[in-house]
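Could you walk me through this structure in the viewer, one selection at a time? I would like to know what to click on next and what I will find there.

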Amino acid sequence: MHSSYNYTRSVVEARRAALLVAVATLCSCACGADDPDDERSHHGPCAEIEEVCAEKDDDTPGAIADCHQLAHEGSASRCETQLAACLEACQ
C-alpha cells in the first residue's frame, strides 16, 4: 500500500508541475500582444527615434529626453506620430 501511495503522489506532483508549465506558457504568450501599438519593439519608427536620440540624450528635460523615452515605450503609433519632430529635435 505504501508504494501505491508514493506512485499516486508522484503522479499528482507531475501533473501539477505540467499544469504550472502550461499556465506559465499561456501567460507569456498572452503578454506578447498582437496589437502593434502594444508591442515593445526595436523596429520601425521607434527604432529610428532610438537610433538618433539615444546618444544625444543627456537626461536634460526637454524634447530629446522625451523622444528617447517615447522610443523606449515602443508604441508604434505614437512613435509614427512624433517621428519627424523627434528626428528634427535630435539632429
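Here is a tour that starts with the whole chain and then visits a handful of helices, loops and residues.

**Stop 1: the whole chain**

Keep in mind throughout that this is a predicted model. Show the chain as a cartoon and you will find 4 helices and 0 strands, giving the pattern α-α-α-α along the sequence. Of the 91 residues, 19% are buried. Switch on a surface if you like: the chain exposes about 6,800 Å², with carbon and sulfur atoms supplying 56% of that area. How much of the contact between residues with a separation of 6 or more comes from those 24 or more positions apart? Such pairs account for 61% of these contacts.

**Stop 2: colour by confidence**

Now colour the model by pLDDT. The average over the chain is 76, and 60% of the residues score at least 70. Which element has the lowest mean pLDDT, and which the highest? Helix H1, residues 2–31, has the lowest mean at 59, whereas H4 has the highest at 95. Next, select residues 29–40, where the pLDDT is below 50. Leaving near neighbours in sequence aside, that stretch has 11 contacts in the model.

**Stop 3: the H3 and H4 pair**

Select helix H3 (residues 63–73) together with helix H4 (residues 76–90). Their axes are 10 Å apart, and the two helices pack at an angle of about 145°. The crossing of H3 past H4 is left-handed. To see where they touch, show side chains for Ala63, Ile64, Cys67, Leu70, Ala71 and Glu73 on the H3 side. Their partners in H4 are Arg78, Cys79, Gln82, Cys86, Ala89 and Cys90. By type, the residues of this contact are 9 nonpolar, 1 polar and 2 charged.

Stay with H3 and pick out its buried residues: Ala65, Cys67, His68, Leu70 and Ala71. What lies over them? The cover includes helix H2 (45–53) and H4. Before leaving, step just past the end of H3 to Gly74, which takes a positive phi of about 80°.

**Stop 4: His68**

Zoom in on His68, which belongs to helix H3. Is His68 buried or exposed? His68 has a relative accessibility of 14%, so it counts as buried, the cut-off being under 20%. Show what lies around it: setting aside residues up to four places away in sequence, His68 touches Glu50, Cys53, Ala54 and Asp57.

**Stop 5: along H2**

Move to Val52 in helix H2. Val52 counts as partly exposed because its relative accessibility is 23%. If you draw a distance from Val52 to His68, the C-alpha atoms are separated by 8.7 Å, with their positions 16 residues apart along the chain. Which residues does Val52 touch, beyond those up to four places away in sequence? Val52 touches Leu87, Cys90 and Gln91.

Then click on Glu51, another stop in helix H2. With 66% relative accessibility, Glu51 counts as exposed. A C-alpha distance from Glu51 to Leu87 comes to 9.6 Å, for residues 36 apart along the chain.

**Stop 6: two loop residues**

Go to Gly44, in the loop between H1 and H2. Gly44 counts as partly exposed, because its relative accessibility is 34%. Add Ala76 to the selection: Gly44 and Ala76 are 32 residues apart in sequence, but 7.2 Å apart in space from C-alpha to C-alpha.

Finish at Asp59, in the loop between H2 and H3. Why does Asp59 count as exposed? Its relative accessibility is 67%, and the cut-off for exposed is over 50%. Check the backbone here as well: Asp59 has a positive phi of about 70°, although it is not a glycine. For background, most residues other than glycine have a negative phi.

Terms used
Residues are numbered from 1 along each chain as its sequence is written. Side-chain values use heavy atoms; hydrogens and water are left out. Buried means under 20% relative accessible area, exposed over 50%, partly exposed in between (1.4 Å probe, protein chains only). Contact means heavy atoms within 4.5 Å. Accessible areas come from the Shrake-Rupley method with a 1.4 Å probe; for residues, only the protein chains shown count as cover. Axes are lines fitted to C-alpha atoms, for helices over the stretch in contact, and angles run from 0 to 180 degrees between N-to-C directions. A crossing is left-handed if the near helix is turned anticlockwise from the far one by less than a right angle, and right-handed if clockwise. Ala, Val, Leu, Ile, Met, Phe, Trp, Tyr, Cys and Pro count as nonpolar, Asp, Glu, Lys and Arg as charged, and the others, Gly among them, as polar. pLDDT is the predictor's confidence in each residue, from 0 to 100.
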